[in-house]
Amino acid sequence: MSLGSTMSLRCHLLLGLAAVSAFAMSPPHMWTKLILTHHWPNTFCSIESCHHPNISYWTLHGFWPDKGNLCNASWHFNSSEIKDLLPDMEISWPDLLKPASSGFWKYEWYKHGTCAAKAPALNSQHKYFSKALELYHKVDLDSMLRKFDIIPSAKYYKFSQIEGVIENFYGVTPKIQCVHPAENPDVQVLGQLEICFSPDFSLLDCEKEISSPGGSAFSVCDPDVLVYYPPL
């Protein structure tokens with residue numbers, strides 16, 4: 001089977017799986033897109049004070065609706081509601097700053113989960129976090145990049161090489177973000193990658209130039225600058 005056929009087959013399979021949990025279309029006042037945000041721990045920890053063992057795979061940063069923040073301050077985070085998810089959360093969605101704390105997940109729930117919960121398919125803490133984990137594992141970004149030889153390395157990649165592999169495999173445009181070192185404007189460091197979904201959990205193009213609702217030290221990569229994907 002050709003590379004193109006393999007990519008197409010994998011993309012159609014992912015689309016079919018993602019659409020299984022479809023829900024009714026959202027009312028006009030609600031968000032219209034969900035952003036599954038991954039970050040590369042080595043880059044994140046180069047700009048933050050991390051207290052977590054070295055992690056050599058892409059982890060979840062967040063699952064963000066494109067509209068709304070802090071939609072229900074009275075809806076308190078309760079880790080007991082996601083007790084069965086915690087083993088996966090600790091691996092797939094770890095707090096790189098305070099690994100022994102649930103504060104990161106609490107923050108993500110307050111800021112983004114309470115807004116995502118306007119949709120019936122995400123209207124509980126368990127639904128919200130479990131859906132994020134489900135999509136994270138289906139996208140399987142880390143394995144996909146490795147499959148096509150996009151691996152952490154001392155060498156530099158062309159931005160188009162990274163973007164092209166992702167676009168061809170998933171059939172949508174991602175938002176790829178980097179750190180831009182002031183001391184070396186000829187190189188940017190790969191840091192965060194967003195894959196977008198519609199309200200029925202089908203893959204969608206991301207809007208490259210729109211600010212991420214989660215807030216970040218990362219900014220959109222420059223397509224004309226080489227990319228460093230730092231190894232441990």
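**Exercise 1. Helix H5**

Task: List the buried residues of H5.

Solution.
Step 1. Buried in H5 are Gln-125, Tyr-128, Phe-129, Lys-131, Ala-132, Leu-133, Leu-135, Tyr-136, Lys-138 and Val-139. The model is a predicted one.
Step 2. Look at the length of the helix. H5 has 15 residues and spans 21 Å from its first C-alpha to its last. That is close to the 21 Å expected at 1.5 Å a residue.
Step 3. Look just past the end. Asp-140 follows H5, and its phi is positive, near 50°.

**Exercise 2. The whole chain**

Task: Say how many helices and strands the chain has, and what percentage of its residues is buried.

Solution.
Step 1. The chain holds seven helices and eight strands.
Step 2. Of its 232 residues, 49% are buried.
Step 3. Now take the contacts with a separation of 6 or more. Residues 24 or more positions apart account for 78% of them.
Step 4. Turn to the surface. The chain exposes about 10700 Å², and carbon and sulfur atoms supply 56% of that area.

**Exercise 3. The cores**

Task: Find which residues touch the most other members of the largest nonpolar core.

Solution.
Step 1. This core has 53 residues. Those touching the most other members are Phe-63, Trp-93, Phe-129, Met-144, Ile-166 and Tyr-170.
Step 2. Ask which element gives the largest share of the core. It is helix H5 (residues 125-139), with seven residues.
Step 3. Follow Phe-129. Leaving out residues up to four places away in sequence, Phe-129 touches Phe-77, Ile-82, Leu-85, Met-89, Trp-93, Trp-105 and Trp-109.
Step 4. There is also a second, separate core of six residues. Among them are Ile-55, Leu-96, Val-179 and Phe-218.
Step 5. Add the general background. In soluble globular proteins, nonpolar side chains tend to be buried together.

**Exercise 4. Aromatic pairs**

Task: Work out why the pair Trp-75 and Trp-109 is edge-to-face.

Solution.
Step 1. The structure has 14 aromatic pairs.
Step 2. The ring centres of Trp-75 and Trp-109 are 4.9 Å apart and the planes stand at 90°, so this pair is edge-to-face. The cut-off for that class is over 60 degrees.
Step 3. Place the two residues. Trp-75 is in the loop between strand E2 (59-65) and helix H3 (86-92), and Trp-109 is in helix H4 (residues 103-116), so the pair ties together parts 34 residues apart in sequence.
Step 4. Check exposure. Trp-75 is partly exposed, at a relative accessible area of 27%. Trp-109 is buried, at 0%.
Step 5. Take another pair, Trp-93 and Tyr-128. Their rings are tilted, with 6.5 Å centre to centre and 55° between the planes.
Step 6. Trp-93 lies in the loop between H3 and H4, and Tyr-128 in helix H5, 35 residues apart. Trp-93 is buried at 0% relative accessibility. Tyr-128 is buried at 0% too.
Step 7. Put the rings together. One aromatic cluster consists of Phe-63, Trp-75, Phe-77, Trp-93, Trp-109, Tyr-128 and Phe-129.

**Exercise 5. Two positive phi values**

Task: Decide whether Leu-70 and Phe-201 are buried or exposed.

Solution.
Step 1. Start with the general rule. Most residues other than glycine have a negative phi.
Step 2. Leu-70 has a positive phi, near 50°. Leu-70 sits in the loop between E2 and H3. Its relative accessible area is 58%, so Leu-70 is exposed.
Step 3. Phe-201 has a positive phi as well, near 70°. Phe-201 sits in the loop between strand E5 (187-197) and strand E6 (203-204). Its relative accessible area is 0%, so Phe-201 is buried.
Step 4. Look for a charge. The charged end of Lys-131 sits over the ring of Phe-201, 4.3 Å from its centre.

**Exercise 6. Two helix residues**

Task: Identify what Thr-43 and Ile-162 touch, beyond residues up to four places away in sequence.

Solution.
Step 1. Thr-43 is in helix H2 (residues 41-47). Its relative accessibility is 1%, so Thr-43 counts as buried.
Step 2. Thr-43 touches Val-179, Val-189, Leu-190, Gly-191, Phe-218 and Pro-230.
Step 3. Ile-162 is in helix H7 (residues 159-170). Ile-162 is buried, with a relative accessible area of 2%.
Step 4. Ile-162 touches Ile-150, Tyr-157, Ile-176, Leu-190 and Val-227.
Step 5. Take Ile-176 from that list. The C-alpha atoms of Ile-162 and Ile-176 are 9.0 Å apart, with their positions 14 residues apart along the chain.

Methods
Residues numbered from 1 in each chain as written. Predicted model: local features only at pLDDT ≥ 70, side-chain atom pairs only at ≥ 80, totals over all residues. Heavy atoms only, no water. Helix = DSSP H or I, 4+ residues; strand = E, 2+ residues; numbered from the N terminus. Buried < 20%, exposed > 50% of the residue type's maximum accessible area, 1.4 Å probe, protein only. Contact = heavy atoms within 4.5 Å. Areas by Shrake-Rupley, 256 points an atom, 1.4 Å probe, with all protein chains shown as cover. Core = buried A, V, L, I, M, F, W, Y, C linked by side-chain atoms within 4.5 Å. Expected span 1.5 Å × (residues − 1). Phe/Tyr/Trp six-rings, centres within 6.5 Å; stacked < 30°, edge-to-face > 60°. Lys NZ or Arg CZ within 6 Å of the ring centre and 35° of its normal.
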